[in-house]
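Here are my notes on this model, as numbered points. They start with the core and work outward to single residues.

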Amino acid sequence: MLFAGLFGLTCCVAAQAAQNISKEEVKHFKLTKVGSISVAETGGSISSPSDLHQEISKRADEKGAKYYVVIAAREHGPNFDAVVDLYK
């Protein structure tokens, strides 16, 4: 699937930005879920997996999360969107 590379994508973001982790890491480190968010924009403002990860990280930071797990992601036209769970 197109998003196989999305989950392993490392993007250049600030050192304190929320990080993408796996469900297994959530279980292993016994992290606490602090919510879920949906990231979706129109007009191509999130036009690459890198843009998507940066926006997810920014919104996760705003919610006080240190980590996030991508539950679903897709590309439609010039846009990318995702649903993620947030963890501390």
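1. **Core.** The model is predicted. Its largest nonpolar core has 15 residues, and those touching the most other members are Val-39, Leu-52, Ile-56, Tyr-68, Ala-82, Val-84 and Leu-86. Two or more residues each come from strand S2 (33-39), helix H3 (49-62), strand S3 (67-76) and strand S4 (79-87). S4 is the top contributor, with 4 residues. In soluble globular proteins, nonpolar side chains tend to be buried together.

2. **Val-39.** What does this core residue touch beyond four places in sequence? Val-39 contacts Ile-46, Leu-52, Glu-55, Ile-56, Arg-59, Phe-80, Asp-81 and Ala-82. Two of these, Leu-52 and Ile-56, are buried residues of H3. Leu-52, Ile-56 and Ala-82 are also among the core members with the most contacts to other members.

3. **Overall layout.** The protein has 3 helices and 4 strands. Along the sequence they follow the pattern α-β-α-β-α-β-β. Of the 88 residues, 33% are buried. Among contacts with a separation of 6 or more, 65% join residues 24 or more positions apart. The exposed surface is about 5,400 Å², and carbon and sulfur atoms supply 53% of it.

4. **Sheet order.** The 4 strands make an open sheet in the order S1-S3-S4-S2, with mixed pairing. Which strands stand at the edges? They are S1 (19-20) and S2; each has a single partner strand, so one side of each lacks a neighbour in the sheet.

5. **S3 and S4.** These strands run antiparallel and are joined by 9 bridges. They form a hairpin with 2 residues between them. Gly-77 sits in the turn and has a positive phi of about 65 degrees. Across the pair, Tyr-68 stands opposite Leu-86 in S4. Val-70 has Val-84 in S4 as its bridge partner. Tyr-68, Leu-86 and Val-84 are also on the list of core members with the most contacts to other members.

6. **S1 and S3.** Here the strands run parallel, and 2 bridges join them. One pairing to look at is Gln-19 with its bridge partner Tyr-67 in S3.

7. **Helix H3.** This helix has 14 residues. From its first C-alpha to its last it reaches 20 Å, close to the 20 Å expected at 1.5 Å a residue. H3 lies across S1, S2, S3 and S4, and runs at about 140 degrees to S2. Its buried residues are Leu-52, His-53, Glu-55, Ile-56, Ser-57 and Ala-60. Gly-64, just after H3, takes a positive phi of about 85 degrees.

8. **Ser-57.** Is this H3 residue buried or exposed? Ser-57 has 3% relative accessibility, so it counts as buried; the cut-off is under 20%. Its place is in helix H3. Beyond its neighbours within four places in sequence, Ser-57 is in contact with Ala-17, Ala-18 and Tyr-68. Tyr-68 is one of the core residues listed in point 1.

9. **Asp-51.** This residue also lies in helix H3. Its relative accessible area is 26%, so Asp-51 is partly exposed. It touches Ser-45 and Ile-46, leaving out residues up to four places away in sequence. Val-39 touches Ile-46 too. Asp-51 and Asp-81 are 30 residues apart in sequence, yet their C-alpha atoms are 9.9 Å apart in space. Asp-81 is among the residues that Val-39 touches.

10. **Lys-30.** Where does this residue sit? Lys-30 is in the loop between helix H2 (23-29) and S2. Its relative accessibility is 71%, so Lys-30 counts as exposed. Lys-30 and Tyr-87 are 57 residues apart in sequence and 9.8 Å apart in space, C-alpha to C-alpha.

Methods:
Residues are numbered from 1 along each chain as its sequence is written. This is a predicted model: local features need pLDDT of at least 70, side-chain atom pairs count only at pLDDT 80 or more; totals for chains, interfaces and linings use all residues. Side-chain values use heavy atoms; hydrogens and water are left out. A nonpolar core is a set of buried Ala, Val, Leu, Ile, Met, Phe, Trp, Tyr and Cys residues joined through side-chain atoms within 4.5 Å. Buried means under 20% relative accessible area, exposed over 50%, partly exposed in between (1.4 Å probe, protein chains only). Contact means heavy atoms within 4.5 Å. Two strands pair if DSSP finds at least two bridges between them. Axes are lines fitted to C-alpha atoms, for helices over the stretch in contact, and angles run from 0 to 180 degrees between N-to-C directions. Accessible areas come from the Shrake-Rupley method with a 1.4 Å probe; for residues, only the protein chains shown count as cover. The expected span of a helix is 1.5 Å times one less than its number of residues.
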